[in-house]
Every structure is written in C-alpha cells, then in structure tokens.
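Me: Please take a close look at one part of this model for me, the lining of the largest pocket. Which element gives the most to it? Then go on to the rest of the chain.

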Amino acid sequence: MNVTKGLIIDDPWIGYILDGSKTWEMRSRTWGHRGWIGLIRKGTGAVWAVARLVDVGAPLSQEEMIATFDKHRIPPDMIRSGAVGKWTTPWELADVRKLSSPVPYRHKSGAVSQVVLDAETSDGIARQLADLSVDAVKPQPGSTAAAGNRVSKSNAPVQPAPAPKTKFPASATAPKFHNGGGRLIGECEVTDGALKNSYIRLTKLMDKFPRDAIGGSNDSETASRELIVDWGGPELVRTDLDGQKKFFRRRGWVGDFYKLNRAKAGDKVRIEEAAAYRYCISLVR
C-alpha cells in the first residue's frame, strides 16, 4: 500500500474516526481524490492512521446535518449556532487502520488541510502496515458503514477494500499526544472521597477550561465541545465537564488513573494543557 496523500483533522473529530463512531469527515469543499489517505492529527505533525476516502457527497442543510449526527458526531447545538456553517460537505471514510506509532511528515509551504506526503513518510506508513497487518477499525452501531448507508453519489470510482488481515497485537495501544511541558492549569488535592468515588475535583480550576466544554449536571446537558484527556492509560478520554459537580463528566478512567499511580490522600493531580481542548493528567507527591 502506497499512501501519498494526507488529511489534517482536529480533535475530537479524529478520535471519533479512530474509535469507529464517525465515518463522515465534514469539509467545506469537495475533493476528487478517491482511495487511501493518511489521517493526520492536527498539531502533532504526524500521520496516526490511514483510511479509504470512498465518496464525497453534496453539501447538507442544517436539518440534514442534525439528522445525520451519528455519522459525523457534530452536536446539534453546534450546528444550530452556525459554528460549523462552512463544514457541510460529507467525505465518507472506510477501512480505518490505526498505526502503532505516529509517522512524522513534512508539512509543505502552502498546504492547509490536504497534504502530499513525502516518500519517507509513505514508506514509514507502509512498513507499519506490513509489520502489524492491522484490521480495519470496526464502525460502531449507528455509524454510516455499520448501517450500510452512503453519501450521495459521486462520479469518481470507488476502489475495492483489501482483503482482511490478522489483528493488531493485543499489547498495542493507540498512540498518545502527551509529551510533557504543557501549560500548567493547576493541581487538585486527592482526598479519600475522590479515591473512593473516582473523581478529580476541579472547583478551583473551572474558570481555566473553555466555557463551551462545561455542561450541566446530567447527561442531557452535555457541553457543545469535549476535552481530550491523556491520563497515561491505553486510550485517550473524551469528556466534557460537569459544571455543577465540578469534575470530568466521564470518570470511569479516574479510578484506573489512581490505581496506576498508587495514589493516596494528600497527593496532587496536575493538569496541563497540551493544546486547545487537550489536557495531560499526572500525579504529584
């Protein structure tokens, strides 16, 4: 497989593609290319996965965007606000294959979101796919590929999918963006209650997080944006903040974080901002 083109995608959207819950990448224009492309996580300078671009549809209305939330994962409130008013053209992706480690690429002058990959990057991608022989990410129920739906027809031919290969090694995990040195948001003290109930109390730090990532007190009042959290485990976490309880809404990972670091009452949880909407969590004694 020779992947020569790449697409830069921001979080949380690329995360949804990698976990199989998003099969439409919404863009402001069409693209004549069909076939394999590298998926570049914005701000990292590296290709994190490959996928097939199989179709490009016509621009959607707000009503159509809201009705197809399960395919692109853009919250209805964000659509109604006009924040994504330009990004209405669905690009359908299939056969997403995550790489075991990101492959750096050279960003050429003038490139914006669609890039041409240099030979060294293409070779690095090919070596990983040959060595790991990863299966495609399985779309989650309700996504485009899972439901068998397609975007509106285009004139470009669709390339057939390659034959399935052996699975990813069980020890391999999604690469993380954490590299230390981020902007310090602050530290929160670990209490017995936090250890018992698996939460990180953010009361004194709430004003340092983006306002559009802070929601209400229940799941029906989630924020319009999510944060990406790297806590040192095998998977990144996507969550908004509970504005009433003052902690991360999704906190199933917090207990594992405490166990991994052998946390005890009196320790501190340090929170650093790695990039916009991206945070690294570590324990300080």
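**The pocket lining and beyond**

Reply: Strand E2 gives the most to the lining of the largest pocket, with three residues. Note that this is a predicted model. E2 spans residues 24-27. Strand E1, residues 5-9, also supplies at least two residues of that lining. The pocket has a volume of about 650 Å³. It is lined by 22 residues. Closest to its centre are Ile8, Glu25, Met26, Arg27 and Trp87.

Now the chain as a whole. It has 285 residues, and 48% of them are buried. Eight helices and 14 strands make up its list of elements. Take the contacts between residues at least 6 apart in sequence: 72% of these join residues at least 24 apart.

Next, the nonpolar cores. The largest has 29 residues. Ile200, Trp253, Ile271 and Ile281 touch the most other members. Several elements give two or more residues to this core: strand E7 (183-189), E9, strand E12 (247-248), helix H8 (254-260), strand E13 (268-275) and E14. Another core lies apart from it, with 25 residues. Its members include Ile9, Ile17, Leu18 and Leu60.

Return to Ile200. Leaving out residues up to four places away in sequence, Ile200 touches Cys188, Lys246, Phe247, Phe248, Trp253, Val254, Tyr258, Val269 and Ile281. Trp253 and Ile281 appear again here; both are among the residues that touch the most other members of the largest core.

E9 deserves its own look. This strand covers residues 227-230. Leu227 and Val229 point one way. Ile228 and Asp230 point the other way. Buried or exposed? All four are buried. E9 pairs with two strands named here. Three bridges join E9 to strand E10 (residues 237-239), and the two run antiparallel. In that pairing, Ile228 stands opposite Arg238. Three bridges also join E9 to strand E14 (residues 278-284), this time in parallel. There, Val229 has Tyr279 as its bridge partner. Both E9 and E14 give two or more residues to the largest core.

E12 links that core to a sheet. It too gives two or more residues to the core. The sheet is open, has three strands and follows the order E8-E11-E12, with mixed pairing. Strand E8 (214-215) and E12 are its edge strands, each pairing on one side only. Two bridges join E8 to strand E11 (residues 241-242), and these run parallel. Gly215 stands opposite Asp242 in E11.

Last, one residue in a helix. Ser122 lies in helix H5, residues 119-132. Its relative accessible area is 3%, under the 20% cut-off, so Ser122 counts as buried. The side chain of Ser122 reaches the backbone oxygen of Val3 at 2.5 Å. What else does Ser122 touch, not counting residues up to four places away in sequence? Its contacts are Asn2, Val3, Thr4 and Leu117. Val3 thus appears both in the contact list and as the partner whose backbone oxygen the side chain reaches.

Notes
Residues numbered from 1 in each chain as written. Predicted model: local features only at pLDDT ≥ 70, side-chain atom pairs only at ≥ 80, totals over all residues. Heavy atoms only, no water. Buried < 20%, exposed > 50% of the residue type's maximum accessible area, 1.4 Å probe, protein only. Polar contact = N/O pair within 3.5 Å; in protein donor to acceptor, adjacent residues only side chain to side chain. Contact = heavy atoms within 4.5 Å. Pairing = 2+ DSSP bridges. Core = buried A, V, L, I, M, F, W, Y, C linked by side-chain atoms within 4.5 Å. 1 Å grid on protein atoms, 1.4 Å probe; cavity = no way out; pocket = protein on both sides within 12 Å on 5 of 7 lines; lining within 4 Å. Points joined across faces, edges and corners; volume = space filled by probe spheres on them.
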